[in-house]
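Reader: Could you take me through one small part of this model up close? I'd like a single residue and its surroundings, then the sheet around it.

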Amino acid sequence: MNNLHSVWLACLFAGLTGPALAASDPLANLSEHFAPELGDSELANLRGRYAGPQGIRYFGIEFISTLTTAQAQQTAAMNLTLSVIKNHPNLDIRIKSDAKTAVSATPAASNINGSGLVQVVQLQGSGNSSVNQTGITFTAPPTTGQSVSAGNYESQGALGTASYRVSGNYAGLQLNSADGHVQLEQSLRGDNFSRGLLQLNRVRGDGLQALNQTRIWLSR
């Protein structure tokens, strides 16, 4: 799991700018509170820093994917957090969703080209909304959810299956509807996570709302 350090370094060096799980309308979370604009002076003190007397002591990534239909809503979330205590990293992987069970599974791979921050939206049908959102905040969140080891997990919800996976070259969340009409993915990809962050949002149908949110947490 030592190569997971690259997860956090890759995101920190990517220069991304930009709480609670989604409300009844997933688009209600689209606000400056989730993705505030950061000034050059704030970012200047962060570039290239990982841990040290004045550097970053904690950072992590939170994935939240929400699917809403006229009948129901399903939200899945995943937290990958790295705390540094006395220069010894401690990785904490937590998953949460609207389902109560988790069993081993392997999400299907996505054939998406590109590196850095890659955001994909594909829509087919009428009355749909599909949004990818990424932001940075400087306060560490409370760690909630089910703490797990690296591996593959799955939970079944009202609308589909949420799959979580952490391995040497992939860390992410997929939410797939039971009818195959919606595929949401948020992940870090590539050998040592060198291909960066992916947000994939595919919707085929009518009257569907799909929302991907990625938040990067940094604190001293």
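Author: Gln174 is buried: its relative accessible area is 2%, so it falls under the 20% cut-off for that label. This is a predicted model, by the way. Gln174 belongs to strand β9, and the residue it bridges to is Ser163. Its side chain also has a polar contact with the side chain of Tyr170, at 3.4 Å.

Tyr170 is a good place to look next. Arg165 sits over the face of the Tyr170 ring, 4.2 Å from the ring centre. As for ring-on-ring partners, the count of aromatic pairs, with ring centres within 6.5 Å as the rule, comes to zero.

Now zoom out a little. The Ser163–Gln174 bridge goes with the pairing of β8, residues 160–166, and β9, residues 170–177. These two strands run antiparallel to each other, with seven bridges between them.

Both strands are part of an open sheet of six, and if you walk across it you meet β4, β11, β10, β9, β8 and β7 in that order. The pairing in the sheet as a whole is mixed. At the edges you find β4 (117–126) and β7 (152–156); each has a single partner strand, so one side of each has no neighbour in the sheet. Leaving direction aside, neighbouring strands here are turned against each other by 5° on average.

So, back where we started: Gln174 is a buried residue in β9, with β10 and β8 on either side of that strand in the sheet order.

Note on methods
Residues numbered from 1 in each chain as written. Predicted model: local features only at pLDDT ≥ 70, side-chain atom pairs only at ≥ 80, totals over all residues. Heavy atoms only, no water. Phe/Tyr/Trp six-rings, centres within 6.5 Å; stacked < 30°, edge-to-face > 60°. Lys NZ or Arg CZ within 6 Å of the ring centre and 35° of its normal. Pairing = 2+ DSSP bridges. Helix = DSSP H or I, 4+ residues; strand = E, 2+ residues; numbered from the N terminus. Axes fitted to C-alpha atoms, helices over the stretch in contact; angles between N-to-C directions. Buried < 20%, exposed > 50% of the residue type's maximum accessible area, 1.4 Å probe, protein only. Polar contact = N/O pair within 3.5 Å; in protein donor to acceptor, adjacent residues only side chain to side chain.
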